[in-house]
Amino acid sequence: MEREIFGYKCQKCGTLHYPFRMVCKNCRANGYFEFDTVPLPHAGKLLTFTFIHNLPAEFEVARLGLGIVELENGLRVTGQIQIDDPKLGMDVVGAIEVVKRDAYDNRYGFVFRAA
Amino acid sequence: MAVDLEKILRPVDHPYPPYPAKYMTLASGETLVIRQATRDEVPTLLKHVAPLVFVERDYYDLVAARVYAELLGWYHYRMQDEYVLVAQIDGELAAIVNGRSVTGKQGMSLHTLAMRRGLRIGAHAFAAKMEYHIDILGQDEVLVVAESPIGFRRWMIEYQLEERFDTPHELGGVPSYALTKELFDRARSKLVVGRRPVPEDLLAKAHEAILPPSDPPTPPADLLAATRAKYDLTGTALILQRWAQDRSADDA
Amino acid sequence: MREVYIIGIGITTFTRLEYPLSEIAAYASMGALKDAGLTDVDYLVVANMGSARINSQSALASAVADTLSLTPAGAVRVENGPASGASAIKEGFMAVASGMHDTVLVAGAERMREVNSLEATDFVATLTHPMAEYIYGVTLPGHAAMFTRLYMEKYGVTERHLAMVGVKNQNNAMLNKDAHLHQPISLEGILDSPEAMTNNPWVAEPIRFFDCCPVSDGGAALILASKEVAEASGRPMIRISGIGQATDTLAVHEREEPTDLMAVRRAAEQAYAMAGIKPKDIDVAELHDAFTILEIVESEEVGFFEKGKGHIALEKGETEIGGKMPINPSGGLKGKGHPVGATGVAQVHEIVMQLRGDAGERQVKGAKNGLACNFGGFGNNVIVSTYTREG
Ligand SMILES: CC(C)(COP(=O)(O)OP(=O)(O)OC[C@H]1O[C@@H](n2cnc3c(N)ncnc32)[C@H](O)[C@@H]1OP(=O)(O)O)[C@@H](O)C(=O)NCCC(=O)NCCS
Ligand SMILES: [Zn+2]
């Protein structure tokens, strides 16, 4: 099965949200389940980034790249980055991969690479 | 007769080159000198290590006791090819690191004991020790273990040490890890710093006297509270506290 | 609303404390009770973020009330991330202002050093969005780093400005016997010398070791009282003149303008409105400098300096103890330390010392109005409060 990350689109006003919220930020008019789920686009622009060197114990790497990406549809997401020399504003494309291993569970999320 | 026996017991040191002293600026702006200690300085070092045997935290007690023993072993000629480096700020003792050579090609890191916290002095001193083995002694690798899980994890992460589980480490045989020349070269630019030669006045100051550490780690202020903090109803979680209780029982 | 005064303060040293958590809270509380000349209070509010997770103890307030033998007084624990401390003060304020209670003990305490620094990092990171941030390995230094990068780009803040905040605050901490770090640092040692980058390694690029607050244990406490009780106590009259609080999106990426800290701005506006004062009336401030960038940005968002100009004021020395707008004379979180639940209370402890004129070598001369900013999450729950010396 192809994995996707979903945005939530308000059925009343069409505003897209990520992550999930129960009430629309724009019109506040709807309630639970009054959103359509829309798979998020994978391409976007890197807004900011960091390489973290002091990680929680589950992450067995010396450093981990993280960034905030503005996707093609204007929504922003946080994700891991695997880019050697990132630049603000560069084009990136995300894949849905394991971002964390929690005991026996895999957690999936965005991993962005240079487009 | 006694002289002959001593000859048998006393290992012969190989003529390894000495560690060339270096200096560096610390985060505080102070200057740290790292240099090789001499056998004559061992009694002074022992004096400053001894109090740490009673610091039951971060394995200071275990590390200090072992360093104490290793220093004595060197002083009394019972340990072969051991060396001791000291890190000093204005003469003040800030860290002791030691190790030995197993063969011309393999070194063994023994301990790193930092007496001042918050300036990464332990890290600088550890790096100097690795530098001694790999760059000065020209060895291929250094075997490393650590008593403190958190200190060890940091070295693992910073240097990406290799497993050498088939080679027992002298510190109780726990699985060894190795810092190879290749790993060291990779970490070098980030972790190994220092300038040579050390200006004469700085070096003279360092050699003049090993002054006591100004702010060494100390045991908990309130021993009984510290045992409570370990959820210990018997009030004996700390060795020192147990002694204190025995003493009051004896008095009664 | 009734007026509310702070008549007693107490604090522990911030460092590694080998005491049970409830005793850390109680020790600071004893100091505050003694300072106020009280043996009893009507109500306790205990601020703490992590007791259940890192000390295996929940319902901390009951333990504190009992340790102090204050039972049967009511007691409640407030957990609101790193803003727990100020949230507890607000809770205590409302209890007195409403007329429900006349005396309230507000204590904050944290014992984070019971776990190693990897676990502490993870514990603090649990305040991020669980699905959209936490699973990726986002840490608080990571958030601060991504924010710092944008701020550098947009406003010309440099690594040197960040380092200047660290140097100032660690040097201020030298004047505070209760501070965690008693270790001055210098720009030469952390930025300019050939060894500087090894002395001051990355924590999360572009944030370095000396841009972060340390992980500390500690406790702080205040006694809040009605005007009648305060007057009878004979203690200096320090009034809580304004409190504002605002939230922002939990996931940082959802903020419209990523270089704004809207919750700080809004909380400050509310506090000033309530107090009827302006930023220029403030004589001394304790800002939440968990990361050096935050001191700079908060100093703008609370209105001391124009947006994007905080680093210029810093450069000119305006935020030093003798400067025009002294910030973090206590050493701030950077120098004094950051036991998360205690921090908001400890900030106000410092403001009260300053307004009473009891701050010794770090005293800001003639301070009459003080401000504290306690920053929770990465700016998603912020409390700004102001304090005024009367008479
Ligand atoms: C920066 C950081 C990663 C360093 O952790 P570390 O490398 O494990 O630090 P160590 O345990 O080796 O510290 C050793 C000494 O360095 C000093 N030290 C630690 N952190 C320091 C810091 N940030 N600045 C200056 N000195 C520091 C202390 O003196 C400490 O000695 P102590 O244990 O006697 O107190 C850690 O302090 C950190 O994560 N800080 C941020 C905490 C945070 O996010 N808080 C919540 C924000 S809302
Ligand atoms: Zn809507």
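In the predicted model, Glu170(B) is partly exposed, its relative accessible area being 41%. Its salt-bridge partner is Arg100(B), and the closest N and O atoms of the pair lie 2.5 Å apart. Arg100(B), in contrast, counts as buried, at 9% relative accessibility. Side chains of opposite charge can pair when their charged atoms come close. Arg100(B) belongs to strand 4 (residues 92-101) of chain B, while Glu170(B) is placed in the loop between strand 7 (162-164) and strand 8 (176-180) of that chain, so the salt bridge ties together parts that are 70 residues apart in sequence.

A further salt bridge in chain B joins Arg196(B) to Glu131(B), with an N to O distance of 3.2 Å. Glu131(B) is part of helix 4 (residues 121-136) of chain B and Arg196(B) is found in the loop between helix 6 (181-191) and helix 7 (200-208), so parts that are 65 residues apart in sequence are tied together by this pair. Here Glu131(B) is buried, at 8% relative accessibility, whereas Arg196(B) is partly exposed, at 36%.

Within helix 6 of chain B, Asp185(B) and Lys181(B) are four residues apart and are therefore separated by about one helical turn. These two residues form a salt bridge whose closest N and O atoms are 3.1 Å apart. Asp185(B) is partly exposed, at 35% relative accessibility, and Lys181(B) is likewise partly exposed, at 39%. Over all chains, the whole structure holds 53 salt bridges.

In chain A, salt bridges link Lys100(A), Asp102(A), Asp105(A) and Arg107(A) in a network. Chain A is divided into domain 1, covering residues 6-39, and domain 2, covering residues 43-114. The centres of these two domains, taken over C-alpha atoms, are separated by 24 Å. Phe20(A), Met22(A) and Val23(A) make a nonpolar surface patch of about 260 Å². Of these residues, Met22(A) is located in the loop between strand 2 (16-17) and strand 3 (35-39) of chain A, and is partly exposed, with a relative accessible area of 47%.

Chain C contains an open sheet of nine strands, arranged in the order 3-2-4-7-1-8-11-10-9 with mixed pairing. Strand 3 (74-78) and strand 9 (284-286) stand at the edges with a single partner strand each, so one side of each has no neighbour in the sheet. From one strand to the next, the twist averages 25 degrees. Strand 4 (residues 103-111) and strand 7 (residues 217-226) of chain C run antiparallel and are joined by nine bridges. Leu105(C) has Ile223(C), in strand 7, as its bridge partner.

Note on methods. Residues are numbered from 1 along each chain as its sequence is written. Chains are lettered from A and ligands numbered from 1 in the order in which they are written. This is a predicted model: local features need pLDDT of at least 70, side-chain atom pairs count only at pLDDT 80 or more; totals for chains, interfaces and linings use all residues. Side-chain values use heavy atoms; hydrogens and water are left out. Patches are made of residues with over 30% relative accessible area and no salt bridge: like charges are joined within 9 Å, nonpolar side chains (Val, Leu, Ile, Met, Phe, Trp, Tyr) within 5 Å. Accessible areas come from the Shrake-Rupley method with a 1.4 Å probe; for residues, only the protein chains shown count as cover. A salt bridge is a side-chain nitrogen of Lys or Arg within 4 Å of a carboxyl oxygen of Asp or Glu. Helices (H or I, at least four residues) and strands (E, at least two) are DSSP runs, numbered from the N terminus. Buried means under 20% relative accessible area, exposed over 50%, partly exposed in between (1.4 Å probe, protein chains only). Two strands pair if DSSP finds at least two bridges between them. Axes are lines fitted to C-alpha atoms, for helices over the stretch in contact, and angles run from 0 to 180 degrees between N-to-C directions. Domain bounds come from an automatic or database domain assignment.
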